Amino acid sequence: MIKQAFITKAINNYNITIDSNLCYYNRIGMNMTRDGIPSNPSSMVNMVVTDNTFVARLDSDEVTEFQNRVDAGIDFGTYSGNTLTRPINETTSTLGPIVACENGSCASFPWTSYTLATWKTFSGEDATSTVGVATVPSVDSLRFEVNTTSSPVTVAFGTQSYIDIRTGATYSCDYSLPAFSGLVAIKSATVSCSSVRHKGRIF
């Protein structure tokens, strides 16, 4: 579980699987770099990135960033089944949400920005990955909850319901968040707690 100030960062790594993580509110959600430094010559290959949820909170944040400073392409491994989303702005009108550079283009800014759709075309990866279930008018509509303990904890949503950004499940009233799990959800309608039942997948 990765939250707020932390980042999934890999430089010249290989044969590593990154799976089932929730990463929220980072300047860059995940960074992968092949830099060719002689003192660290290992190539960035055979990485597997699957079933993760990367959520950029601010319009200036990147969901993921890929740097290949050695040659062309972003052939670091395979990526699939991820949720890659910046619900405040899913377009490339500013920075991101997915940013990449290759070969000589890494030496100058800005790097190329991609939506998830154009990233799939460029990289040939993330074919089964998706954006979030909805966009938001402001970051105030986002809610992040995490349980770092070994026991369930109660999250008091009250009569404000929230929609899970990855699954579309609805949460409200008092919800039991499983051990070592978390969620990012989008504010929805008000509800009557006496009639609400919770369901859905939690990471």
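Where is Gly132 found? In this predicted model, Gly132 lies in the loop between α1 and β13, the latter spanning residues 142-147. I shall begin with that glycine, proceed to the helix before the loop, and then turn to the nonpolar core and to one serine.

Gly132 is buried, because its relative accessible area is 13%, and the cut-off for that term is under 20%. Its contacts, leaving aside residues up to four places away in sequence, are Thr83, Thr85, Glu90 and Ile165. With regard to Ile165, the C-alpha atoms of Gly132 and Ile165 are 5.1 Å apart in space, while 33 residues separate the two in sequence.

Let us now consider helix α1, residues 116-123. Three of its residues, Leu116, Trp119 and Ser123, are buried. They cover an arc of only 55° around the axis, and therefore they lie on the same side of α1. Ala117 and Thr121, on the other side of α1, are exposed. Which strands help to cover the buried residues of α1? The cover includes β8 (62-68), β9 (77-80), β10 (83-85), β11 (98-102) and β12 (112-114). After the helix comes Gly124, which has a positive phi, near 75°.

Trp119 leads us to the next topic, the largest nonpolar core. This core has 21 residues, and those that touch the most other members are Met32, Phe66, Tyr79 and Trp119. Two or more residues are given to this core by each of β5 (28-34), β6 (47-50), β8, β11 and α1. Tyr79 deserves a fuller account. Beyond the residues up to four places away in sequence, Tyr79 touches Met32, Val49, Phe66, Ile74 and Trp119, and also Glu125, Asp126 and Ala127.

Finally, I turn to Ser161, which has its place in strand β14, residues 153-164. Is Ser161 buried or exposed? Its relative accessible area is 3%, so this serine counts as buried. What does its side chain reach? The partner is the backbone oxygen of Ala189, at 2.5 Å. Ala189 also appears among the contacts of Ser161, which comprise Thr170, Tyr171, Ser172, Ile186, Lys187, Ser188, Ala189 and Val191 once residues up to four places away in sequence are set aside.

To summarise, Gly132 is a buried residue in the loop between α1 and β13. Helix α1 has its buried residues on the same side, and Trp119 belongs to the largest nonpolar core. In strand β14, the side chain of Ser161 reaches the backbone oxygen of Ala189. Thank you for your attention.

Note on methods:
Residues numbered from 1 in each chain as written. Predicted model: local features only at pLDDT ≥ 70, side-chain atom pairs only at ≥ 80, totals over all residues. Heavy atoms only, no water. Helix = DSSP H or I, 4+ residues; strand = E, 2+ residues; numbered from the N terminus. Buried < 20%, exposed > 50% of the residue type's maximum accessible area, 1.4 Å probe, protein only. Polar contact = N/O pair within 3.5 Å; in protein donor to acceptor, adjacent residues only side chain to side chain. Contact = heavy atoms within 4.5 Å. Arc of directions from axis to C-beta. Core = buried A, V, L, I, M, F, W, Y, C linked by side-chain atoms within 4.5 Å.
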